[in-house]
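Here are my notes on the model you sent, set out as numbered points. Please read them with the structure open.

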Amino acid sequence: MAALARWCYRHRLVVLLLWVGALFGLGFSASTAGTNYANVFSLPDTDSKSAYDLMEKAFPNTSGDTDTVVWKVDQGSAKDPAVESRIQPALDKIAKMPGVGAVTSPFAGAQGAAQVSGDGKIAYAQLTFAKPANEVPKELVQDVMDTAQGAERGGLEVELGGQAIQRVQEPPQGLSEMVGIVAAAAVLFLAFGSFFAMLLPIAIAIFGVGMGLFSTQLLSHTTDIPDIAPLLASLIGLGVGIDYALFIVTRHRRGIQKGMDPEEAAVTALNTSGRAVLFAGGTVCIALAGMLVTRLRFLDGVVVGTSLTVVLSVLAATTLLPALLGLLGPRVLSRRQRRRLAAEGPETESSSNLSARWSMNVQKRPRRIAVLALAVMAVLALPVLSLRLGATDQGNDDSASTTRKAYDLLAEGFGPGFNGPLQVVTDGGDTTALVKGIQGADGVAKVVALPPAQGVTVIQVVPTTSPQSKETDDLIDTLRNDVIPQADVTAHVGGVTAVSKDFATVTGERLPLFIATIIGLGFLLLLVAFRSLVVPLTAALMNLIAAAASFGVLVAIFQWGWGLELLGLGKEGPINAFLPVIMLSLLFGLSMDYQVFLVSRMHEEWVHTRDNARAVRVGLAETGRVINSAALIMVCVFMAFVLSGDSGAAMAGVGLAAAVALDAFILRTALVPAAMHLLGNSNWWLPEWLEKRLPHLAVEPKEEAEAGERADAPAPAADGPASAVHGFVRSPDGDAVEGAAVTVLSKGGRQLDRVTTLADGSYIVSVPGPGAYLLAVTSALHGSRAGHVMVADGPLVYDVELAEDEVDAVN
């Protein structure tokens, strides 16, 4: 890793040109090839799939999207001559547009009577395009909308619905990504205080996501990739790209502030945090690949698009970022930081006062904090008990959109079930008894048997309830389990509503296997990385708690409707069936990032001191701020996808924002450290027989001495970790003394180690092994104290009290 970082740093212009060339090359190729996204809901061995196969056999030429033009009059009839004189010319004009296959008008004699509501106030016309919705040019759809709505007048309302119409209503492409980037830039500027340092993570995210999206677009011509895949890929790509670069840039800036040469600081950052980024990116890809165990073809394309974007984001962070660091040099620090470095020399590393104080509070009150955090998560998770999986439709669109208005008008005029009719499909046989049975079933508003085609009969069934209601699901079960068997015919229930129900059922059945797979993989990774059984068990439990609470938030917002109008997200409905799988994959990957970053620092301290309380306290104090900053960036990026115009992406954005916020701000910085304090040394327990059989995996290598830091520190003993002296430096009033110099010397006066105390007054110095040493503590405000210490086989805890103007000299 160090060699790669050094090469990229020294050949920065070459690396930058290669990345820019690759981005523009892929962009040109993708724009030339266009898109070919396909939503393939392949559900083998389901009833709706059997119905679809029969309909495809009987009606092979029914390609093309069918949309509707709906109108309503305040007075009279929707078929009055005055209304016809305005609507029919518009329909005729639309029918002549290139790309429009056919227009079915309610003014066409007796055949059009079924397209007028019972009270005569509402009517609709059907428009069949020559191509599927995602292939219809937006210019054509806009012309259709303008022409149809141009017929409006006082007392005559005209609305349009359908997939092609919905595409035109979506916000400009890239709006959500741009808002997310701007929000992330604001957080980064506050964190770094430097404009150039703020630009680095943004640039890495843009390159990674840009190349990922262009590659996914090209791959859509060779494999089935759903149209939601690019949105999800950009959502996760922006989050991880910015976060990974944040970790590396933070480490690089710290190295420069400690007096390192910019090149050495970059190499050290990539050889430490860069390795952690590789590990984290790998865990995210493993979590995404876990979706494949569900065997849902719809998700295969999502795995391809998101994993490719994550891989390219990691590649940008480990190759392009060192090149950009080389171009900036010391300007990665703010002007004030550069002036301070020149005037005062290298800075010593310390935790922020806020992080240190919070870490001390967690250590003092672990039980209270753990109970409070668990209570908050439990309350947020309660709504998940009423989780209902399904599919959103245009009835969930914003109330101001024409698709939502058209949906509501059709439901008003023809019944709630008109927007989601069922198709009962039979292959031969007498359907008379079947039709009678369907008509007599509860929840059926209308039944129409279409003329047979190639021996296949399709019976249109309009429910009395909306496509998303539980009663419609119950009707499908009644038809399959009772009505069809009693009619003694072979028939299948299909249609969009039945497909959505089957998809939700299959997803629910396979979800336990999926959860077990990703939790098991995470357990194994953490087991190998931290040589502990309790740490991975704790992480698995925390992942489940975070998932339950985040889905509780989703249910409250999207299923119960709390705050939907405020967010401009339309009407409440079921949670998209594919969302649990996608969200759990992403949540698992992101949680692993924070868990590794937090626990690796604790593990390092534990190996050095064998003091669990100190390990947890120092680990939280030194990583809490970075974890919270990274999480805040993720929340900003994910929440921006509410503006995407896609209900699935909006759900995923809100759910992931909630999950990351709860995971970082409550679990990783409160519940996890509190639990580790309560568990004590058992956190790091691993049976000896298992220790011998596990492979060794280092998330981060040991750092080399930086800028003379610990230059004379002893090497660890060959048979185990180095011995150490650690404790707190306090004033007579018990206040922590920050920035005091702590030096340990041998009997002959040779300096062995030197550190400065952290914000909580804690320190740790290394010694070669058991024996007598001299420990000297000096503070500009509190005087000095020195004394002999005797180190036995294990680390020594030694607290020091400094009194102002007092010198305690030891000969």
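1. In this predicted model, a search of the whole structure finds zero disulfides. Why does Cys8 form no such bond? The cysteine sulfur closest to that of Cys8 belongs to Cys285 and lies 20 Å away, which is too far for a bond, since a disulfide needs the two sulfur atoms within 2.5 Å. Cys8 is also buried, with a relative accessible area of 3%.

2. The same whole-structure approach, applied to internal space, finds four cavities of 30 Å³ or more, and the largest cavity has a volume of about 100 Å³. Eleven residues line the largest cavity, and those closest to its centre are Phe247, Ala276, Val277, Ala280 and Phe597. Two or more lining residues come from each of helix 9 (229-257), helix 10 (262-289) and helix 21 (579-609), with helix 10 giving the most, at five residues.

3. An unreviewed UniProt entry carries the annotation "domain: SSD" for residues 210-327. Over residues 210-327 the chain is 83% helix and 0% strand, while the end C-alpha atoms are 22 Å apart.

4. Helix 15 (residues 402-414) has 13 residues and reaches 18 Å from its first C-alpha to its last, close to the 18 Å expected at 1.5 Å a residue. Its buried residues include Arg404, Tyr407, Leu410 and Phe414, and among the elements that cover the buried residues of helix 15 are strand 1 (66-73), strand 3 (122-129) and helix 5 (138-149). Just after helix 15, Gly415 adopts a positive phi of about 105 degrees.

Definitions and conventions. Residues are numbered from 1 along each chain as its sequence is written. This is a predicted model: local features need pLDDT of at least 70, side-chain atom pairs count only at pLDDT 80 or more; totals for chains, interfaces and linings use all residues. Side-chain values use heavy atoms; hydrogens and water are left out. UniProt positions are given in the numbering used here, feature names are shortened, and annotations may be inferred rather than shown by experiment. Helices (H or I, at least four residues) and strands (E, at least two) are DSSP runs, numbered from the N terminus. Buried means under 20% relative accessible area, exposed over 50%, partly exposed in between (1.4 Å probe, protein chains only). The expected span of a helix is 1.5 Å times one less than its number of residues. Contact means heavy atoms within 4.5 Å. On a 1 Å grid over the protein atoms alone, a cavity is a set of points where a 1.4 Å probe fits but cannot get out, and a pocket is an open set with protein on both sides within 12 Å along at least five of seven lines; lining residues have an atom within 4 Å of a point. Grid points are joined across faces, edges and corners, and a volume is the space filled by probe spheres set on the points.
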